[in-house]
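Trainee: I'd like to learn how to read a structure like this one feature by feature. Could you take me through it?

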Amino acid sequence: MKTWQRTLLFFIIWGAMLVLPWWATALILVILTIYLPTYLEVIFFGFLLDTLYSNQHIGLVSATIFLILVLLIKSRVRM
């Protein structure tokens with residue numbers, strides 16, 4: 001994926017976080033994490049979702065765990 005595409009996608013997700021409900025943004029991030037190779041921005045957006053909508057700091061932890069699981073599954077499937 002090219003750098004400008006990734007940057008454009010970053011700003012689209014940023015705008016979605018401001019306009020859409022948290023569950024819609026989380027669903028978009030899950031789809032992008034599965035579709036794109038190493039979409040590490042999900043950790044950043046997980047932190048932002050956690051900061052905006054949670055008081056228990058669970059979003060960042062769940063985003064990190066989900067990203068690690070997806071990366072492990074992708075590496076095993078491609079073998």
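Trainee: Let's start with charges. Which residue forms a salt bridge with Glu41?

Mentor: Look for a basic side-chain nitrogen within 4 Å of a carboxyl oxygen. Here Arg6 is the partner of Glu41, and their closest N and O atoms are 3.0 Å apart. Keep in mind that this is a predicted model.

Trainee: Where do the two partners sit in the chain?

Mentor: Arg6 is in helix H1 and Glu41 in helix H3, 35 residues apart, so the pair links distant parts of the chain. Searching the whole structure turns up one salt bridge.

Trainee: Is Glu41 buried or exposed?

Mentor: The cut-off for buried is under 20% relative accessible area. Glu41 has 18%, so it counts as buried.

Trainee: Let me step back to the overall fold. How many helices and strands does the chain have?

Mentor: There are four helices and zero strands. Reading from the N terminus, the order is α-α-α-α.

Trainee: And how do I check a helix for regular geometry?

Mentor: Multiply 1.5 Å by one less than the number of residues, and compare that with the distance between the end C-alpha atoms. Helix H2, residues 22-35, has 14 residues and should span 20 Å; its end C-alpha atoms are 20 Å apart, so the two agree. H3 has 13 residues and runs 18 Å from first C-alpha to last, close to the 18 Å expected.

Trainee: Next, aromatics. How do I read a ring pair?

Mentor: Take the distance between ring centres, then the angle between the planes: under 30 degrees is stacked, over 60 is edge-to-face, and the rest is tilted. The count for this structure is three aromatic pairs. One of them is Phe10 with Trp14, which is stacked, at 6.4 Å centre to centre and 20 degrees between the planes.

Trainee: Why are Phe10 and Trp14 separated by about one helical turn?

Mentor: Because they are four residues apart in helix H1, which covers residues 3-19. Both sit in the middle category for accessibility: Phe10 is partly exposed at 22%, and Trp14 is partly exposed at 35%.

Trainee: How are the rings of Phe10 and Phe45 arranged?

Mentor: Their centres are 5.0 Å apart and their planes are at 40 degrees, so this pair is tilted. Phe10 lies in helix H1 and Phe45 in helix H3, residues 41-53, so the pair ties together parts that are 35 residues apart in sequence. Phe45 itself is buried, with a relative accessible area of 0%.

Trainee: Which residues form the aromatic cluster?

Mentor: Phe10, Phe11, Trp14 and Phe45 form one cluster.

Trainee: What else does Phe45 touch, leaving aside its neighbours within four places in sequence?

Mentor: Its contacts include Ile13, Met17, Leu29 and Tyr39, along with Phe10 and Trp14.

Trainee: That sounds like a core. What's the general idea there?

Mentor: In soluble globular proteins, nonpolar side chains tend to be buried together. In this model the largest nonpolar core has 12 residues, among them Leu9, Ile13, Met17, Leu29, Phe45, Leu49 and Leu67. H1, H2 and H3 each supply at least two residues, and H3 gives the most, with four.

Trainee: Which residues of H3 are buried?

Mentor: Glu41, Val42, Phe45, Gly46, Leu48, Leu49 and Asp50. For H2, the buried set is Ala24, Thr25, Leu29, Leu32 and Thr33.

Trainee: Thr25 caught my eye. What does it touch, not counting residues up to four places away in sequence?

Mentor: Thr25 touches Ile13, Ala16, Met17, Leu20 and Leu49. Thr25 has 1% relative accessibility, so it counts as buried. Now look from the other side: Leu49 touches Thr25, and its contacts also include Met17, Trp22, Ala26, Leu29 and Ser54.

Trainee: How far apart are Phe45 and Thr25?

Mentor: They are 20 residues apart in sequence and 9.1 Å apart in space, C-alpha to C-alpha.

Trainee: Finally, what do the totals for the chain look like?

Mentor: Of the 79 residues, 29% are buried. The accessible surface comes to about 5700 Å², and 76% of that belongs to carbon and sulfur atoms. Among contacts with a separation of 6 or more, residues 24 or more positions apart account for 60%.

Notes. Residues numbered from 1 in each chain as written. Predicted model: local features only at pLDDT ≥ 70, side-chain atom pairs only at ≥ 80, totals over all residues. Heavy atoms only, no water. Phe/Tyr/Trp six-rings, centres within 6.5 Å; stacked < 30°, edge-to-face > 60°. Buried < 20%, exposed > 50% of the residue type's maximum accessible area, 1.4 Å probe, protein only. Core = buried A, V, L, I, M, F, W, Y, C linked by side-chain atoms within 4.5 Å. Contact = heavy atoms within 4.5 Å. Areas by Shrake-Rupley, 256 points an atom, 1.4 Å probe, with all protein chains shown as cover.
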